[in-house]
Amino acid sequence: MKCVIIDDEPLAVDLIKEFVSKIESLELISTFNNAIDAIAMINTSSVDLIFLDIEMPHFSGIDFLNAIDKKPLVIFTTAYSDYAVEGFNLGAVDYLVKPIPFHRFLKSVMRAQQTFNSQNLAPAAAAPKVVAPEIEPDFMFVRSEYENVKINFSDILFIEGLKDYVKIYTTDNKFTLTLISLIKLENLLSSKGFARIHRSYIINIKYVKSIQKNKVLIADKRIPISESYKTSFFEKINL
């Protein structure tokens, strides 16, 4: 894949250049320290992938993405996590938060390569699609006290409903209290390995240690299984 780096931080550009040099499937064709200078090249050249910073003076990465006619694959690189949802809504392949570790960078490139391959293996007679790929994030942001907290789905042990609030218990032995409905979380997480087992509980199935009578054991917590959710839960885990 022919790629371009757009970032106003020289150190960030150097790091991504180093990472790109380690991956044979990538060919770096240019770097830019501001998004405005990159517009003409992107619109007139063959570019497959852009590593794009969001927070840049005068003209942000999101402004740039909305301004270009041709839409290559995009991996956002930024020091701020506040734009994650907006980035995915714009069709970004992935969203990397600085400082970027190489293993996370490599995972993003592999995801971009899969998308690139699937686009280029399409039948020649098929009309080219302009729609950017839709990638579902593996995390969510929830409002807790005075900040938006990022929670990875894979880190959630279980969720407890408390009237209008919920407690989200995670693998670091902490919990996050946020104002959101349990039904909304159930709809979001049901296809991601979670199950509603009680009117007050949603659990991450992979962390279930044992099931005894009408309770499941997760960490050191025994969580009740109500009769109204028992059948659907057992079907989901093939019991």
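Select Thr170 to begin: its relative accessibility is 11%, so Thr170 counts as buried (under 20% relative accessible area; over 50% is exposed and anything in between partly exposed, with a 1.4 Å probe and protein chains only). Thr170 lies in strand β9, residues 165–170. Helices (H or I, at least four residues) and strands (E, at least two) are DSSP runs numbered from the N terminus. Show the contacts of Thr170 next, a contact being heavy atoms within 4.5 Å. Apart from neighbours within four places in sequence, Thr170 is in contact with Ile151, Asp155, Ile156 and Leu157.

**Before going further**

This is a predicted model, in which local features need pLDDT of at least 70 and side-chain atom pairs count only at pLDDT 80 or more, while totals for chains, interfaces and linings use all residues. Residues are numbered from 1 along each chain as its sequence is written, and side-chain values use heavy atoms, with hydrogens and water left out.

Colour the protein by pLDDT, the predictor's confidence in each residue from 0 to 100. The mean for the protein is 87, and 90% of its residues reach 70 or more. Among the elements, helix α4 (residues 84–89) has the lowest mean, 54, and strand β12 (residues 201–204) the highest, 97. Where pLDDT is low, the predicted coordinates should not be read in detail.

Now view the whole protein, which has 7 helices and 15 strands. Of its 239 residues, 43% are buried. The protein exposes about 13,800 Å², and carbon and sulfur atoms supply 52% of that; the area comes from the Shrake-Rupley method with a 1.4 Å probe, and for residues only the protein chains shown count as cover. Among contacts between residues at least 6 apart in sequence, 50% join residues at least 24 apart.

**The parallel sheet**

Select β1 to β5. These 5 strands form an open sheet in the order β2-β1-β3-β4-β5, with parallel pairing. At the edges stand β2 (27–32) and β5 (94–97), each with a single partner strand, so one side of each has no neighbour in the sheet. Neighbouring strands of this sheet are turned by 20 degrees against each other on average, direction ignored; the axes are lines fitted to C-alpha atoms (for helices over the stretch in contact), and angles between N-to-C directions run from 0 to 180 degrees.

Zoom in on β4 (residues 73–78) and β5, which pair in the parallel sense over 4 bridges. Two strands pair if DSSP finds at least two bridges between them. The bridge partner of Ile75 in β5 is Asp94.

**Helix α2**

Select residues 35–44, helix α2, and display its buried residues: Ala35, Ala38, Met41 and Ile42. Looking down the axis of α2, these buried residues fall within an arc of 115 degrees, so they line one face of the helix. The arc is that of the directions from the helix axis to the C-beta atoms. On the face turned away from the buried side, α2 carries the exposed residues Ala40 and Thr44. The cover over the buried residues of α2 includes β1 (2–6), β2, β3 (49–53) and α3 (61–67).

**Strand β12 and its partners**

Select β12. Both of its faces are covered: Tyr201 and Ile203 on one side, and Ile202 and Asn204 on the other, are all buried. Add β8 (residues 156–162), which runs antiparallel to β12 and is joined to it by 3 bridges. Phe158 has Ile203 of β12 as its bridge partner. Then add β11 (residues 194–198), also antiparallel to β12 and joined to it by 4 bridges. Phe194 stands opposite Asn204 in β12. A hairpin joins β11 to β12 through 2 residues.

**Loops**

Go to Ile180, in the loop between β10 (175–179) and α6 (182–189). Its relative accessibility is 18%, so Ile180 counts as buried. Ile180 and Asp164 are 16 residues apart along the chain, and their C-alpha atoms are separated by 6.5 Å. Not counting residues up to four places away in sequence, Ile180 touches Asp164, Tyr165, Val166 and Leu185.

The last stops concern backbone geometry. Most residues other than glycine have a negative phi, and most peptide bonds are trans.

- Lys98 and Pro99 are joined by a cis peptide bond, with omega about -5 degrees; Pro99 is found in the loop between β5 and α5 (102–120).
- His58, in the loop between β3 and α3, has a positive phi of about 70 degrees although it is not a glycine. At 81% relative accessibility, His58 counts as exposed.
- Asn173, in the loop between β9 and β10, has a positive phi near 65 degrees. At 73% relative accessibility, Asn173 counts as exposed.
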